[in-house]
Amino acid sequence: MTDYVGVIGEALVDVVLSDTATPRVHVGGSPLNVAVGLARLGENVLFAGRYGHDDYGAMVREHLDRNGVNAVLDPDGLPTSVATARLDPTGVAHYEFDLDWSLPDPDETARLVRAVLDRDGMARTLKHLHTGSIATMLEPGASTVMELLTTLEPDVTLSYDPNCRPSIVPDRTTARRRAEESVAFADIVHASDEDLAWLYPDRALEDVIVEWQRIEPAMVVVTRGETSLLCATAAGLTEHPVTPVEVADTVGAGDSFTAALLVALKDRGLLGAENREALRNISPEDTAAVLAYAARAAAITSSRLGADPPTRGELG
C-alpha cells in the first residue's frame with residue numbers, strides 16, 4: 001500500500017515586483033507551494049486546485065508535473081488566477097489578487113481524488129490532507145472544501161494554514177468564523193503572527209494558539225518571522241528558535257515550513273487517522289525536532305528568490 005498526502009487549494013501565478021529588480025513570474029498559491037514542498041521532500045502528493053486553459057495555466061501544470069505532483073483537476077475555461085507580490089526593502093511580500101476559486105461539487109471532487117488513488121489498479125491510500133488560505137475562505141469553492149473536510153475527517157489527519165488575505169476576504173468577522181470552523185477539523189495548524197494579529201487584533205498570540213489547540217488540534221504553531229516559533233500542544237506552550245538566514249525574499253517560506261513540518265511528523269508515524277492519538281500525545285522532544293526541521297526548510301526558501309522549497313537532501 002502506497003501512502004499519499006493530499007492538498008486542496010488555490011493554484012496561481014505570482015508576479016513579483018520590487019524597486020531593485022525586473023518583474024519575475026513564478027507559479028504559486030499557498031496550497032500549491034505546500035504540495036510542491038511535500039513532493040520535493042519525497043512524498044507522494046495529490047493536488048486538487050483549479051487553473052485555466054491559458055498560458056499561465058500551462059505554467060501551473062508544467063510546474064506540478066516537473067515536481068512529481070499528481071494533479072486531480074484538468075484545466076477549465078476560466079482564467080488562471082494571478083497574485084501580484086510587491087516586495088518591500090526587506091524582501092517581505094505584500095499581495096494583490098485577481099482570482100477565481102471554484103471546484104466541482106464535493107461528490108465529484110471526492111470521485112476525482114479516488115480516481116487518481118485507484119489509477120492503474122495500484123493500492124494507494126490517502127493518509128493526510130492539507131488545506132487553507134483562500135481555499136477555505138473564498139466562495140464558491142470554500143463551501144466545497146469545508147464539506148470535503150467533514151467527509152474525510154474520520155479517515156485522514158488534517159492540517160490547516162489560515163494564511164489570511166484581507167484584500168480578498170476583508171470581513172474580519174467572517175474570516176475569523178471560518179478560521180475557527182477549520183481549526184475545529186484540523187489536527188495540525190500553522191499560522192503566521194500576521195494572520196493571528198489580523199484575526200484577533202486585541203488578543204495576545206499566546207492566548208489565541210492555546211485556545212485553538214484546546215478546540216481540536218494536536219499542535220498549533222505560529223511563526224513570527226525572524227523572531228521565534230510558538231507552539232501549543234497538550235504538553236503546553238513552548239517557544240523555539242528559527243534558523244538564521246540572509247533573506248532574499250519571503251515568498252513561499254511559510255509554505256515550505258508547513259510541508260517540512262508534515263513530512264517530519266509523517267516520518268515519526270504521526271500522520272493518518274490511525275495515528276491521531278499518538279499525534280495528540282506528541283512528546284516535547286519530538287515537537288522540538290519537527291519544528292527545527294521545518295524552520296530549516298523555511299530558511300532555505302527565504303534565502304533564494306521565489307517559492308523554491310528545498311529537497312530532502314538539502315535538509316539532511
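A cavity is a set of grid points where a 1.4 Å probe fits but cannot get out. Keep that in mind, since we start inside. One caution too: this is a predicted model.

So, the enclosed spaces. How many cavities of 30 Å³ or more does a search of the whole structure find? Three. The largest cavity has a volume of about 120 Å³. It is lined by 13 residues, and those closest to its centre are Ile8, Ala48, Val113, Leu129 and Leu152. Look at where the lining comes from. Strand S1 (2–8), strand S4 (45–48), H3, S8 and H4 each give two or more residues. What classes do the lining residues fall into? Eleven are nonpolar, two are polar, and none is charged.

Next, the second largest cavity. It holds about 50 Å³ of space. Its lining includes Ser133, Ile134, Met137, Cys164, Arg165 and Trp198. Pro162, Asn163, Pro166, Val169 and Ala175 line it as well. By class, that is eight nonpolar residues, two polar and one charged.

Cys164 brings us to the cysteines. How many disulfides does the structure hold? Zero. A disulfide is a covalent bond between the sulfur atoms of two cysteines. The cut-off here is a pair of sulfur atoms within 2.5 Å. Now take Cys164. Its closest cysteine sulfur is in Cys231, 19 Å away, and that is too far for a bond. Turn it around, and Cys231 has its closest cysteine sulfur in Cys164, again at 19 Å. Are these two buried or exposed? Cys164 is buried, at a relative accessible area of 10%. Cys231 is buried too, at 0%.

Now the open spaces, the pockets. The largest pocket has a volume of about 1,300 Å³. Its lining takes in 49 residues, and the closest to the centre are Ser192, Glu194, Thr250, Ala253 and Gly254. Several elements supply at least two lining residues each. Among the strands are S2 (12–17), S7 (93–98) and S10 (188–192). Among the helices are H1 (30–40), H6 (193–199), H8 (253–267) and H10 (284–302). And the classes? The lining has 21 nonpolar, 18 polar and ten charged residues.

Stay with H1 for a moment. It is mostly covered, with ten of its eleven residues buried. The buried ones include Ser30, Pro31, Leu32, Asn33 and Val34. Ala35, Val36, Gly37, Leu38 and Ala39 are buried as well. After H1 comes Gly42, with a positive phi near 95°.

On to the second largest pocket. Its volume is about 270 Å³. It has 15 lining residues, and Ala110, Val113, Arg114, Thr151 and Leu152 lie nearest its centre. Val113 and Leu152 should sound familiar: they are also among the residues closest to the centre of the largest cavity. Helix H3 (106–117), strand S8 (124–132) and helix H4 (141–152) each supply at least two lining residues. Which of them gives the largest share? H3, with six residues. The lining splits into eight nonpolar, one polar and six charged.

Now some ring contacts. The count of aromatic pairs comes to one. It joins Tyr200 and Trp212, edge-to-face, with 6.1 Å from centre to centre and 70° between the planes. Why care where these two sit in the chain? Tyr200 is in the loop between H6 and helix H7 (205–215), while Trp212 is in H7, so the pair ties together parts twelve residues apart in sequence. Both rings belong to covered residues. Tyr200 is buried, with a relative accessible area of 5%. Trp212 is buried at 0%. Tyr200 has another partner. The charged end of Arg203 sits over its ring, 5.6 Å from the centre.

Last stop, Ala278. You will find it in helix H9, residues 276–280. Is it buried, exposed or partly exposed? Ala278 is partly exposed, with a relative accessible area of 39%. Now find Ala218. The two are 60 residues apart in sequence, yet their C-alpha atoms are 9.3 Å apart in space.

To recap: zero disulfides, three cavities of 30 Å³ or more, and one aromatic pair. Thanks for listening.

Terms used:
Residues are numbered from 1 along each chain as its sequence is written. This is a predicted model: local features need pLDDT of at least 70, side-chain atom pairs count only at pLDDT 80 or more; totals for chains, interfaces and linings use all residues. Side-chain values use heavy atoms; hydrogens and water are left out. Buried means under 20% relative accessible area, exposed over 50%, partly exposed in between (1.4 Å probe, protein chains only). On a 1 Å grid over the protein atoms alone, a cavity is a set of points where a 1.4 Å probe fits but cannot get out, and a pocket is an open set with protein on both sides within 12 Å along at least five of seven lines; lining residues have an atom within 4 Å of a point. Grid points are joined across faces, edges and corners, and a volume is the space filled by probe spheres set on the points. Helices (H or I, at least four residues) and strands (E, at least two) are DSSP runs, numbered from the N terminus. Ala, Val, Leu, Ile, Met, Phe, Trp, Tyr, Cys and Pro count as nonpolar, Asp, Glu, Lys and Arg as charged, and the others, Gly among them, as polar. Rings of Phe, Tyr and Trp (its six-membered ring) pair if their centres lie within 6.5 Å; planes under 30 degrees apart count as stacked, over 60 as edge-to-face and the rest as tilted. A charge sits over a ring if NZ of Lys or CZ of Arg is within 6 Å of the ring centre and within 35 degrees of the ring normal.
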